[in-house]
Amino acid sequence: MNTSTSLKAFEKAQTLIPGGVDSPVRAFSSVGGSPLFIAEGEGGYLKDIDGNRYVDFVQSWGPLLFGHRDESIEKAVIDAVKHGLSFGAPTEAETNLAELVVSFFDSIDKVRFVSSGTEAVMSAIRLARGYTRRDDIVKFTGCYHGHSDCLLVQAGSGAATFGNPSSPGVPADFTKHTLLAEYNNIESVKKCFEDSNDIACIIIEPIAGNMGLVPADKEFLQELRKLCDENGALLIFDEVMSGFRATLNGAESITGVKPDIVTLGKVIGGGMPVGAFGARAEIMAMLSPEGPVYQAGTLSGNPVAMAAGFAALTKLKKNPQVISVLNERAKRLVEGMQKEAESCGIKMQVDTRGSMFGFFFNENEVKNFDDATKTDAKLFAKFHQAMLNEGFYFACSLYETGFISTATTDAMVEDAIKASAKVFKEITK
Ligand SMILES: *Cc1c(COP(=O)(O)O)cnc(C)c1O
């Protein structure tokens, strides 16, 4: 495989953009090698600037539920562009998308649009704090909620549940209100409520996709709901990734646990930058200009982005079977690869939710971030590079979830399994 043009492009990018990328994970640092520069996408395929073609199991890290250049989304965007790119005034496109989002989620009466998942979560937390008039929040190690200050935390020293900044540039004062708990471990959450009586909210990815794919146990979510109710805290489901991917109607529809606030992103923009947060009317009424909690955005509800999101969600509404059809395909993919791995003596843990799939080169089942870190990173790096050479583009980090789209065919899945058989043999030689 010749990737010399990508290599050159990366060299130049590094002279102008830190690390050559606008989001760190794209740099391939955890798998070695050099990132591919993309020329175009088509359906289930990506093409790099050297002309190599890959089956795309990343799908822009989630947003592209219908693959690259879906006809109806492309048309909606082009139509919108012809009326102007941005007005900074209300458009019916926002109401249309809002109506659609509300129709999917029982727990959402009203929704506000922003331009990224980070912004959605940041705003949702401010709303929860404003609504409860409390300052502390609980988050789980291994869950990612965007790069805003109070969410870039890591465990502190000793037994303290209060977090420390995980990045320079985040003042310790900004993270001292963030308490850290362990995913799927209710005792660790109870400890947070013992350590603080000022908890505004618990935020969780109910189907975690940022430590690999690690769904929360239903009973764990039920316990969280109970703890929140007993302590007057709100429960936020961060479904920026899992929304419209894992389920049609949110994690609440498969767990029976109702969140107070839901954050969305990725699929909701159909490939354009859109995030959103929604809740019941009483909570959303706290938001400016209806209420006192300030939140704003010059390009929020951008008409072109709204059009893309509306086209994507309309298509999903008309084809709700997409979630289960893609789940069958995703299962086939990871279970097929798992079988090939095992025949080479490699232990692989696999799971799927809708069109999301995850795999770990682990001996044991993964229930939290600590388990996830026990995955064989060297083996993953080899697997990633070798699959790339075979024409299969997997996420370039072992803590990421994989995605398929409606453009990912059964044949692509079968080919990927066959390639994995060859690759596992190669890398265990
Ligand atoms: C991707 C993601 C975010 C951040 O969204 P951006 O659009 O990258 O800012 C937040 N939460 C979850 C669960 C995500 O997967």
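# A walk through the predicted model

Start by selecting Pro 303, which you'll find in helix α10, the stretch covering residues 303-318. Before going further, keep in mind that everything on screen is a predicted model. Pro 303 has a relative accessible area of 11%, so it counts as buried. Now bring up its surroundings: setting aside neighbours within four places in sequence, Pro 303 is in contact with Ala 80, Gly 84, Leu 85, Ser 86 and Phe 87. For a sense of scale, draw a C-alpha to C-alpha distance from Pro 303 to Pro 215: the two are 34 Å apart in space and 88 residues apart in sequence.

Stay with helix α10 and pick Lys 317 together with Phe 104. The charged end of Lys 317 sits over the ring of Phe 104, 4.5 Å from the ring centre.

**The ligand**

Next, select the ligand and show what is around it. The surrounding residues are Ser 116, Gly 117, Thr 118, Tyr 144, His 145, Gly 146, Glu 205, Asn 210, Asp 238, Val 240, Met 241 and Lys 266. Which atoms of the ligand do the side chains of Thr 118, Asp 238 and Lys 266 reach? Thr 118 has a polar side-chain atom 2.6 Å from a ligand oxygen. Asp 238 places one 2.7 Å from a ligand nitrogen. For Lys 266, an N or O atom of the side chain is 2.6 Å from an oxygen of the ligand. As for cover, the ligand on its own would expose 380 Å², and the protein buries 82% of that.

**His 68 and its loop**

Jump to His 68, in the loop between β3 (53-56) and α2 (71-81). Buried or exposed, at 14% relative accessibility? His 68 counts as buried, because the cut-off for that is under 20%. Show the side chains and you'll see a polar contact at 2.7 Å between those of His 68 and Asp 56. Beyond four places in sequence, His 68 also touches other residues, including Gly 41, Glu 42, Gly 43, Tyr 45, Leu 46 and Gln 59.

While you're in this loop between β3 and α2, click on Trp 61. Its phi is near 70 degrees, a positive value in a residue that isn't glycine.

Then select Tyr 45, one of the residues His 68 touches, along with Arg 53. Here the charged end of Arg 53 sits over the Tyr 45 ring, 3.6 Å from its centre.

Tyr 45 also leads you to Met 412, since Met 412 is in contact with Gly 44, Tyr 45, Val 55, Phe 392 and Ala 407, leaving aside neighbours within four places in sequence. Met 412 belongs to helix α14 (residues 410-427). With a relative accessible area of 7%, Met 412 is buried. Try another C-alpha to C-alpha distance, this time to Leu 152: it comes to 37 Å, with the two positions 260 residues apart in sequence.

**Aromatic stops**

Colour the Phe, Tyr and Trp rings now. How many aromatic pairs are there? The count comes to 21. One to zoom in on is Tyr 54 with Tyr 393, a tilted pair with centres 6.1 Å apart and 55 degrees between the planes. Tyr 54 is in strand β3 and Tyr 393 in strand β17 (residues 392-393), so this pair ties together parts 339 residues apart in sequence. Tyr 54 is buried at 1% relative accessibility, and Tyr 393 is buried too, with a relative accessible area of 13%.

Another pair to select is Tyr 183 with Phe 220: the planes are at 55 degrees and the centres 6.3 Å apart, so this one is tilted as well. Tyr 183 is in the loop between β8 (178-181) and α6 (186-195), while Phe 220 is in helix α7 (residues 218-231), 37 residues away. Both Tyr 183 and Phe 220 are buried.

Then highlight a whole group: Phe 57, Phe 357, Phe 359, Phe 361, Phe 380, Phe 383, Phe 392, Phe 394 and Phe 424 form one aromatic cluster.

**Backbone oddities**

Finish with the backbone. Most residues other than glycine have a negative phi, and most peptide bonds are trans. Select Phe 28, in the loop between α1 (4-16) and β1 (38-42): not a glycine, yet with a positive phi of about 65 degrees. Phe 28 is buried, at 1% relative accessibility.

The last stop is Pro 289, in the loop between α9 (281-284) and α10. Check the peptide bond leading into it from Ser 288: that bond is cis, with omega near 5 degrees.

Technical notes
Residues numbered from 1 in each chain as written. Predicted model: local features only at pLDDT ≥ 70, side-chain atom pairs only at ≥ 80, totals over all residues. Heavy atoms only, no water. Helix = DSSP H or I, 4+ residues; strand = E, 2+ residues; numbered from the N terminus. Buried < 20%, exposed > 50% of the residue type's maximum accessible area, 1.4 Å probe, protein only. Polar contact = N/O pair within 3.5 Å; in protein donor to acceptor, adjacent residues only side chain to side chain. Contact = heavy atoms within 4.5 Å. Phe/Tyr/Trp six-rings, centres within 6.5 Å; stacked < 30°, edge-to-face > 60°. Lys NZ or Arg CZ within 6 Å of the ring centre and 35° of its normal. Near = heavy atom within 4 Å. Areas by Shrake-Rupley, 256 points an atom, 1.4 Å probe, with all protein chains shown as cover.
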